[in-house]
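Welcome! Here is a short briefing to read alongside the sequence and the 3D view. Take a look at the structure first, and then follow the topics one by one.

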Amino acid sequence: MMSTAAPSRCCLQTLVAHVVQLDVLGNLSCVLPLASMLHAVRNEAVSDNMLIREGLRVLRARLPPGWTVSEAALESGPGAVDAAAEIVAPDRRVGAVALEARARLDPKGARDLVDATREARAHGAFVVVARYLSGSTRARLQEADVGYVDLTGNVRVILARPGLFIETQGASEDPNREERPARSLRGAKAGRIVRTLVDRKEPPGVREIAALTKIDAGYVSRVLSLLDTEALITRVGRGRMGSVDWPALLRRWARDAPLESRGNARTYLEPRGLSAFVARLAISDERYAVTGSLAAATVAPLAAPRLATVWLRDTAEAASRLALRQAEAGANVLLIEPDDEGVFEGAVKRDGVRYAATSQVAVDLLTSTGRGPAEGEELITWMRENEGAWRK
Amino acid sequence: MAQVSEVDELYVMARSVLLDALEALGPHRDAIVLVGAQAVYLRVGEADLAVAPFTTDGDLAIDPAVLATIPPLEEALMAAGFLPKSKDSVGVWITKRPTSRRVDAEVAIDLLVPASVSPGTRRRAARLPGHDSRAARIVRGLDDAIVDSDAMRLAALVQTDVRSFDVRVAGPAALLVAKVHKISERQGTDRQSDKDALDVLRLFRGTETDDLAARYAKLLADKRSEEAAKAARSLVEAQFAKRAGVGVEMAIRSVGALADAEEIAASCMALAGDLLAALK
């Protein structure tokens, strides 16, 4: 009965659309009465109702000419689903579809759903309706021959009778992601967003942050939602930011993404001491940024540093070029290969040596060893008193 | 802060007294080589080891081969306000300077003659011809300073004092040889000073291994310095190239809480190892 080899007869507005009508004159089999175009009788949540309605609208727009779809009365019985619909072919033949509404469905949820609806699916076509289904969720559903409709236009509905094959593609990313706040500030992208917020006097908007950090606006929104709920930023109106509590934001970032989680660190000895090491850095071609107490001591009044902490690409090779020796005990240089280039952002040269931006130095110190955390707080105190010196 | 300015005051004074002595010894300046802690400081600075880098004494080695007889050393120094430290002292000349505190500070200048070139061969007095026999004293381990030294400009540490002199200053290899001999000779006595080991680390840190090795090779190749330099090579290995070496332990004690003990130890071993490897 089913054949995907049949040519598509109709092109819809969606990017990729196969709408194939099959077996139009085949066996008529009405699972549900055409006349009973009633609303679902089950006690559904309003959102589920809306979702089903919206889902049917999306599906309707993708049907070949002459085809219609409408919500149908729900068939009572075991394994009941959220709603039922009828798809009517131009020749008045009717196909029944069981509909399952899900506000959200991840791949794991899809697997569970496939298992839980085995019985319901045995009775006929089964279609999941969701706001958005990711590519991997859709793949799971497709493997199990479960149809789907999401409100961005990702649709796959196959009917045996009357023969119908619809597969269209909608959004590849969830357009409403900001509704779900990010869970933490761990990770390179969150770090870049935090730096952008901390380093600017005027809080940038979502789009500006996205452009500055080269991170998609959806994720920026999610991070801002987290910061909003954690009271680390204030918002005025929809989306626009009022202020940033940058000291608290730095501390939260440090907690979520401690120094060791942001790169690969190795310890070395410069037997000639830190001044000799810094002098060598100043004439080197490495891409680096000095951070930690060595950097902090160049702006704030801190005790003489004993450890040079440096963000650096390819630490092993750079170490030999800088004449450092690998050391476990007695190390005075810590080279960290960053997971993200963001650590170099805003680095400034002082006396020929490139130092990481002050906000970067502060967050690095807060989770450093020894006196690092205390020095991080001292630096934050200095930053409070000298905002003009480091905030753009 | 009071402590720091007090230390600063002593540094300024020590340099000023050194300049006084050099001024007084004017005609003899070509025969003089600055050695000791002040020479270490001139050569390599603090080298990141912020422990008071030198004592107030100024150590001046005299090369008898270059020294003239006139004026006699004792006359020149006494005319400039220096006096022998005591009637028994040999080669120790002192002067008193007022300080911001009530007591005057006593600053010494030591006139030293390397043993291998000293006219006097008995215990202490150098017996330089034409000079008072007790004006300078014999010191072992200084021979190298005659071989490894270069002229440097020595100026005052305050802007109000505009004096400056070109004077030969012992090179880092000569200073290293002298220091490890001193550590060895004083080991276990109450004259042992941990700061000597710190000076060794400063010399290691502040001198590129190639330069140090080249200067050291010169010492090994010169008859006047060969013996001391050879012995010193073994002393460097025993004192600084191993974790349990006496020099390593002294350096660690000397920096105290100012630096990580293991960093000091690892630095001593790495740099001593580099020199020894370069000399092979």
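Residues are called buried when their relative accessible area is under 20%, exposed when it is over 50%, and partly exposed in between. Keep those cut-offs in mind, as they come back below. Please also note that this is a predicted model. For the complex, the predictor gives an ipTM of 0.76 and a pTM of 0.66.

**Confidence along the chains**

- Chain A has a mean pLDDT of 83, with 84% of its residues at 70 or more.
- Residues 1-46 of chain A are a stretch to read with care, since pLDDT stays under 50 there. The model nevertheless has 97 contacts beyond four places in sequence for these residues.
- Chain B has a mean pLDDT of 87, and 92% of its residues reach 70 or more. Within chain B, residues 1-7 have a pLDDT below 50, and this stretch has one contact in the model beyond near neighbours in sequence.

**Where the two chains meet**

- On the chain B side, 18 residues are in contact with 13 residues of chain A.
- Together the two chains bury about 1200 Å² between them, and 39% of that is on carbon and sulfur atoms.
- The count of residue pairs in polar contact between chain B and chain A is seven, with both residues at pLDDT 80 or more. Two elements of chain B give two or more residues to the side that touches chain A, namely α6 (194-206) and α10 (261-279). Of these, α10(B) gives the most, with seven residues. By type, the residues on this side of chain B divide into seven nonpolar, four polar and seven charged.
- One salt bridge is counted between the chains. It joins the side chains of Asp274(B) and Arg325(A), at 2.5 Å from N to O.

**A closer look at Thr209(B)**

- Thr209(B) lies in helix α7 (residues 209-221) of chain B.
- Is Thr209(B) buried or exposed? Thr209(B) counts as buried, because its relative accessibility is 16% and the cut-off for buried is under 20%.
- Apart from neighbours within four places in sequence, Thr209(B) is in contact with Asp274(B), Leu275(B) and Ala278(B), and also with Arg272(A) from the other chain. Asp274(B) appears here again, as it is also the chain B partner in the salt bridge with Arg325(A).

**Backbone features to look for**

- As background, most residues other than glycine have a negative phi, and most peptide bonds are trans. The places below are exceptions that you can find in the 3D view.
- In chain A, the peptide bond from Arg161(A) to Pro162(A) is cis, with omega near -10 degrees. Pro162(A) sits in the loop between β7 (155-159) and β8 (163-168).
- In chain B, the peptide bond from Ile70(B) to Pro71(B) is cis, with omega near -5 degrees. Pro71(B) is in the loop between β2 (58-62) and α3 (73-79).
- Lys214(A) is not a glycine, yet has a positive phi of about 60 degrees. Lys214(A) is found in the loop between α6 (206-213) and α7 (217-229) of chain A, and with a relative accessible area of 72% Lys214(A) is exposed.
- Asp314(A), another residue other than glycine, has a positive phi near 50 degrees. Its place is the loop between β13 (308-312) and α11 (315-321) of chain A. Asp314(A) counts as partly exposed because its relative accessibility is 45%, between the cut-offs of 20% and 50%.

Conventions
Residues are numbered from 1 along each chain as its sequence is written. Chains are lettered from A and ligands numbered from 1 in the order in which they are written. Side-chain values use heavy atoms; hydrogens and water are left out. Contact means heavy atoms within 4.5 Å. Buried area is the accessible area (1.4 Å probe) that two parts lose on being put together, summed over both. A salt bridge is a side-chain nitrogen of Lys or Arg within 4 Å of a carboxyl oxygen of Asp or Glu. A polar contact is a pair of N or O atoms within 3.5 Å; within protein, one must be able to donate a hydrogen and the other to accept it, and residues adjacent in sequence count only if both atoms are side-chain atoms. Helices (H or I, at least four residues) and strands (E, at least two) are DSSP runs, numbered from the N terminus. Ala, Val, Leu, Ile, Met, Phe, Trp, Tyr, Cys and Pro count as nonpolar, Asp, Glu, Lys and Arg as charged, and the others, Gly among them, as polar. pLDDT is the predictor's confidence in each residue, from 0 to 100. Buried means under 20% relative accessible area, exposed over 50%, partly exposed in between (1.4 Å probe, protein chains only).
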